[in-house]
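Student: Hey, I'm new to this one. Can you walk me through it?

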Amino acid sequence: MLDQWLACVARLENEVPAQQFKPWIKPLVYLGYDESERVLRLGVPNHFKLNWVKSQFESRIEAIAREAIDPQLSVRFEIHRAEQDSPPARRPAPAVGLNGSAAPGASIDPHAGDLQGDDLAEFAVPSRAGAHGGSPSQDPYLADPFAPDPASSPDSQTRLRPELTFDSFVHGKANQMAWSAALQVVERPGTSYNPLFLYGGVGLGKTHLLHAVGNAILDRSRGARVRYIHAQDYFDEMVRAIQRKSIQDFKRKYQQLDLLLVDDIQFLGGKERTQEEFFYTFEALLSARKQLIITSDTYPKELSAFEDRLVSRFGSGLIVEIEPPELEMRVAILLKKAEQSGEKLPDEVAYFVAKNLRSNVRELEGALLRVIAFARFRGRQLSAELAREALKDLLELSRPPISIESIQKTVADFFKIKTADMYSKRRPAHIARARQVAMYFAKELTQKSFPEIGEAFGGRDHTTVMHAVKRIAELRQHDQEWNRQLHVLEQTLRG
Ligand SMILES: Nc1ncnc2c1ncn2[C@@H]1O[C@H](COP(=O)(O)OP(=O)(O)OP(=O)(O)O)[C@@H](O)[C@H]1O
């Protein structure tokens, strides 16, 4: 397998300019290929490099590796420090650098993060500081402000990332309700809001809040049985349990938790057997007054290919939307992120980045990393001017936001109806359909929430908007001619 990886590297060397290949791709450490998960594991020395390599090269590396190794493979970057001192049990074989030499001290156990069989002691939480190898004083990256906190990789049992806490989470108007509900859950787990269902667009902090609750509950009660799991990993784990005939252990493991945090539940759409299994876990946990928090990219009723009984259970606690942060909050997030990495970010730079990048926090973080790296490599001071240079291509892509009013007007013109009919109560079929199309594009092309869109369409209820969005999405999927027309309309709207 190493040979195949080296062949991929040779291809990358041909494709990627040398000044990018040398610092970013060449130092990647081959940590192994996990055949059961179809994951190619590559080591990167710190979080800064990990974020950079992931954002800039992940899709290319994956595409090449899929051709060379396995068409269904995915790439996983992991923090790997050569001096890492992990326990021997987690080190079945050495990791290998590009030259094929063994890199000492790396874990390549494909199941290192998995919980096995009926070993339910798995949930006992050791001192988290002690759960990760490497003494800070020996850490060669300590001088680097982006170097990872030695305790920042996920705990293998709880799967919690220790750096995602309430302290590192900025709250404001866009996430106020979600934030306070999460705090309330920490105060009274299993009683107040159960399940707590958080939904919202990508990169808005849902995962962060899940981890924050998990970490806070563990801080209060070391013995709490907590598990964070991405829905896709839950599915994979279940499949493995079925293959290994250990489904009872799997059930027991989840049903004995005190706190279960399930991320991106929409990934279970269409996976009936997994949904069924999850349903029983859900029921068991709730009846034992154990806490569940679930995140999704959409409101429960909008989840596609989900059993009704699950959807109705999801809505039985509290449902809260996380919205995109407004300018002031984006500035606060940037300042906080910079502070966490030990960088002094001038306000003007934070303001410049926040003003120009609006869509989500992940994008903001990426931009911040880029500005800081740009300043470092050129040995220049951080300034708004430098940020403009560093983000030039991103800024060209981010155009002025599209307003609901302009969508209403363009869609009305397109369907040859009056713009006023967008807000009116008139119901002739062609007007109702045009209105649905406009609502659909309002959700697709703006950052507005369902209730805000409803308000802009003559004070309609948010469920009307959700219904419209669903109908038009289905129409696009099933009717080629409609899809073609709406594609043209979309191009016009995007300008
Ligand atoms: N309010 C916030 N304060 C501080 N950091 C935040 C906040 N919101 C998001 N982030 C950061 O932005 C990044 C993306 O957030 P996160 O992964 O939680 O998003 P998400 O909503 O779960 O997205 P996805 O649906 O793609 O999984 C993370 O690094 C997170 O720490």
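Tutor: Sure, one term to begin with: helices (H or I, at least four residues) and strands (E, at least two) are DSSP runs, numbered from the N terminus. Residues are numbered from 1 along each chain as its sequence is written. This is a predicted model, where local features need pLDDT of at least 70, side-chain atom pairs count only at pLDDT 80 or more, and totals for chains, interfaces and linings use all residues.

Student: Okay, which helices each supply at least two residues of the shell around the ligand?

Tutor: Helix H5 (206-220) and helix H12 (361-378) do.

Student: And which residues come nearest to the ligand?

Tutor: Out of 18 around the ligand, the nearest are Gly205, Lys206, Thr207, His208 and Val361. A residue counts as near if its C-beta atom, placed from the backbone, lies within 6 Å.

Student: Why does the shell lie between two domains?

Tutor: Domain 2 (173-322) and domain 3 (327-397) both contribute residues to the shell, so it sits between them. Those bounds come from an automatic or database domain assignment.

Student: New topic: is strand S9 buried or exposed?

Tutor: 6 of the 6 residues of S9 (residues 291-296) are buried, so the rest of the structure largely encloses the strand. Buried means 20 or more other C-beta atoms within 10 Å of a residue's own, with C-beta atoms placed from the backbone.

Student: What does strand S8 pair with?

Tutor: S8 (residues 259-263) runs parallel to S9, with 4 bridges; pairing takes at least two DSSP bridges. Leucine 259 has glutamine 291 in S9 as its bridge partner.

Key: A residue is buried if 20 or more other C-beta atoms lie within 10 Å of its own, exposed if 12 or fewer, and partly exposed in between; C-beta atoms are placed from the backbone.
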